Structure formats: structure tokens, C-alpha cells
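Trainee: I've just opened this one and I'm new to it. Could you walk me through it?

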Amino acid sequence: MSQAIEQPRIVKIRENVLKKNDILARELRKRFQEQQVYVVNIVSSPGSGKTTLLTEVLARLSQKFNVAALVGDLATENDAHRLEQSGAKVKQITTGTVCHLEAQMIEDSIKNWDLNQLDFLFIENVGNLVCPSSYDLGENLRVVLFSTTEGEDKPEKYPTIVNSADIAILTKIDLLEAVDFNKESFYQSIYQSRPNMKVFEVSAKKDIGINQWMDFLIEEKMKAFKKMEV
Amino acid sequence: MHELSIAYSLVQLAVETAEQNHLKKVEALRLKLGVFSGVVKEALEFSFDIATEGTIIEGARLIIDEIPLKIYCPQCEKEYVLKKPVPVKCPKCSIGTDQILEGKEIELYELVGG
């Protein structure tokens, strides 16, 4: 019945679709900054060793600092139980079917926490190399993990997440020879999407490179907040 | 696949904007999607129809403009649009750069309606 007599109207907007997440992430970042909590968001595919590395780092860092971790998984609290062995404060975020963590989930999880008591907060994202790249969680540092067992060209297959991360960690470096891993091609593959990216080579099982990464985190925390009592 | 979450955020934003601008019906939405946004165009298009059900956006067309990567080369001191997203390096002098000016956006920039 209705004839289109009126011309269709064009409304110009310029809004980020993830605006709500970004605003919330900005608020979180401000709170973390004020309370001097250094926040690390760890992303990787499933099975690349996030939990193993984190258990080790939490145990060592908690000798000097107040450390906590949030761990995202689709289901089960297994990772949280593994991380709790380190003695750090750990909370599981079970996302159900959601393949990434969002700023809202972080805010809900730390609602009753006294951030003032914290020095470091580690966020173990859901094992996924695609979706977490779009969501800012208010972190200071985004770390992408790859393991030697995944093959050299993994970074090349997921350029977006590599580009969105600040540093990379190559895990299971002790298996380098066993899986015939070509380090040079790996670095080339990383640099394709993030030239000169800083990469740490670690093995949580054989205690390789863990302290170097921890020293880096402590240094970055000091830089981020200028003054800190060690 | 997080495109369904993105689609719901997009629809929510579009509905709010349409209401603020007193649009009764939305015919089309224009979205800028960067090649480094982490969003798959086809998956978003598929999710969009599901997310619009029962809203004033239902039946609207989603027009996606794919935004290539635009970088700043510190050596040439110039901006370049890259034909392919990787490698992220200057097409002229081949130097790698992490200065990305465009190509990460998921941005709703226009509603067409009446």
C-alpha cells in the first residue's frame, strides 16, 4: 500500500561496533592503572601450554608479589584447579559457548576483589587464535603463545592475532629437535604480520627462559607505573 | 566463531541509532570491516540475519566495505595501502612497520531508512 514518496534518509554514524566493550575496557584499564595492577592477557590455540607456563610463573612471582589469575574456558574448572596449585588467587570464567573473553566478564569476575592488594593479574583467554583478537580486556600486555609442536607457520595462518599482540612466546622449546622445528621459518612467519616482535623461547618443563620472561614482566610493570616497592 | 556476538552488538548499535534518529524502518546498514579486524565477512553476514530477527532492522541489507591495511612507513615517511594484509611491510622499501593506520575497524558508519 505505502508508496515510497519520501526519499530514503541516510544517517551518518561513525561508531565502533564493539564500542561497549571498548568503553568498558578503557574503564578497567584506568582502574588497573590507579591500583597499579599490571595485567597480562594470554592468547593461544588450545594445547599450546598456557596453563603449564602460567602455573610456573604464578608460583615464582607469588614469592615476591601478589598475583592473581582469571582463566577462561568453555567448560570445566580444570585449568583453575591446576593454577591454584601455585598458591595464587585464581578464578575460573566458564563462557559456555562463547569462544573468547570480553571486558564485561573481567569486570564481573573481579567485582569483589580488592585490586589494591594486587600486583599482577594474568588473564588466560579461551584457547582460540581468532576471536580473542577483537576484544580489548583493559590489559597492559597481550601475549600470544605458540608451541614448537604446532609447526613453524602457525603465526602466518593467524596474522590478526599476531598483529594485535605485544609480544610472543614460543613454548615447549625443549621439544625443538624432537619435532624438527625450524626456528628461522618461525621467526619469519611472526615478522610477516609483526616486524621485529619480541619473542621469548621457553620450556616450563625444563625451566628454560621462564625467568627471562618474568624479569621482562617486572620491568614492564615498573615502566608502566614508574614507582614500585620491590 | 564470534561473529554472532559481533552481529548482536551491531544490531543493538543500529537499533539505538535508528531510534535516536526517528527512523521507523531501516533498509540498509553500511559497515567498514578491516582485513585485520578478526571478523570473517561471510560469517558476519550469516549471523546478521539471525541477530536482526524481531527488531526494526529485520530485513535490512548489510553492506560491508572491506578496508585494506593502510600503513605508515617510517623510512619513506609516507602512507601506503597494502594489496595483501601480509607481510606488513612497506611496498616501496620493504621495511617492516607496526604503524597501522587503517584495517582493524569494525565500524558502523551509515544507516539508510525512512
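Mentor: Sure, ask away, and we'll go from the overall chain down to single residues.

Trainee: Before anything else, what kind of model is this, and how many helices and strands does chain A have?

Mentor: It's a predicted model, so keep that in mind throughout. Along its principal axes, the C-alpha trace of chain A spans about 75 × 45 × 35 Å. As for elements, chain A has 8 helices and 8 strands.

Trainee: What percentage of the residues of chain A count as buried?

Mentor: The cut-off to use here is under 20% relative accessible area. Chain A has 230 residues, and the share that counts as buried is 54%.

Trainee: And what share of the contacts in chain A with a separation of 6 or more comes from residues 24 or more positions apart?

Mentor: Here we set aside contacts with a separation below 6. Of the contacts that remain in chain A, residues 24 or more positions apart account for 74%.

Trainee: Let's look at helix packing. Are α2(A) and α8(A) roughly parallel or oblique to each other?

Mentor: Helix α2 covers residues 50–61 of chain A and helix α8 covers residues 210–225. They pack at an angle of about 60 degrees, with their axes 11 Å apart, and the crossing is right-handed. Roughly parallel would need an angle under 35 degrees. At their angle, α2(A) and α8(A) are therefore oblique.

Trainee: Which residues of α8(A) meet α2(A), and how do the residues of the contact divide by class?

Mentor: From α2(A) come L53(A), E56(A), V57(A), R60(A) and L61(A). Facing them in α8(A) are I210(A), N211(A), W213(A), M214(A) and I218(A). By class, the contact of α2(A) with α8(A) divides into 7 nonpolar, 1 polar and 2 charged.

Trainee: Over in chain B, what is the handedness of the crossing of α1(B) and α2(B)?

Mentor: Helix α1 (residues 3–20) and helix α2 (residues 41–52) of chain B pack at an angle of about 55 degrees, with axes 8 Å apart. α1(B) and α2(B) are therefore oblique to each other. Their crossing is right-handed.

Trainee: Which residues of α2(B) make that contact?

Mentor: On the α1(B) side you'll find E3(B), L4(B), I6(B), A7(B), Y8(B), L10(B) and V11(B). By class, the contact of α1(B) with α2(B) has 11 nonpolar, 2 polar and 1 charged residues. The partners in α2(B) are A43(B), L44(B), S47(B), F48(B), I50(B), A51(B) and T52(B).

Trainee: Back to chain A: which residues of helix α7 are buried, and how wide an arc do they cover?

Mentor: In helix α7 (residues 183–193) of chain A, the buried residues are F186(A), Y187(A), S189(A), I190(A) and S193(A). They sit on the same side of α7(A), because they cover an arc around the axis of only 160 degrees.

Trainee: What do the buried residues of α7(A) pack against?

Mentor: Their partners are elements of chain A, both helices and strands. The helices are α5 (154–157) and α6 (159–164), and the strands are β6 (141–147), β7 (167–171) and β8 (198–201).

Trainee: Is V144(A) buried or exposed?

Mentor: V144(A) is in strand β6 of chain A. Beyond its neighbours within four places in sequence, V144(A) is in contact with residues including V43(A), L129(A), I161(A) and M197(A). V144(A) and S44(A) are 100 residues apart in sequence, yet 5.6 Å apart in space, C-alpha to C-alpha. With a relative accessibility of 0%, V144(A) counts as buried.

Trainee: And K154(A), buried or exposed?

Mentor: K154(A) is in helix α5 of chain A. Outside its neighbours within four places in sequence, K154(A) is in contact with S45(A), L129(A), F146(A) and S189(A). At 14% relative accessibility, K154(A) counts as buried.

Trainee: Where is D180(A), and what is its phi?

Mentor: Most residues other than glycine have a negative phi. D180(A) is in the loop between β7 and α7 of chain A, and it is exposed, with a relative accessible area of 65%. Its phi is positive, near 55 degrees.

Trainee: Last one: which residues does the cis peptide bond in chain B join?

Mentor: Most peptide bonds are trans. Here omega is about -5 degrees, and the bond involves a residue in the loop between β4 (78–81) and β5 (100–102) of chain B. The cis bond joins V86(B) and P87(B).

How values were computed:
Residues are numbered from 1 along each chain as its sequence is written. Chains are lettered from A and ligands numbered from 1 in the order in which they are written. This is a predicted model: local features need pLDDT of at least 70, side-chain atom pairs count only at pLDDT 80 or more; totals for chains, interfaces and linings use all residues. Side-chain values use heavy atoms; hydrogens and water are left out. Axes are lines fitted to C-alpha atoms, for helices over the stretch in contact, and angles run from 0 to 180 degrees between N-to-C directions. Helices (H or I, at least four residues) and strands (E, at least two) are DSSP runs, numbered from the N terminus. Angles under 35 degrees count as roughly parallel, over 145 as roughly antiparallel, 65 to 115 as roughly perpendicular and the rest as oblique. A crossing is left-handed if the near helix is turned anticlockwise from the far one by less than a right angle, and right-handed if clockwise. Contact means heavy atoms within 4.5 Å. Ala, Val, Leu, Ile, Met, Phe, Trp, Tyr, Cys and Pro count as nonpolar, Asp, Glu, Lys and Arg as charged, and the others, Gly among them, as polar. Buried means under 20% relative accessible area, exposed over 50%, partly exposed in between (1.4 Å probe, protein chains only). The arc is that of the directions from the helix axis to the C-beta atoms.
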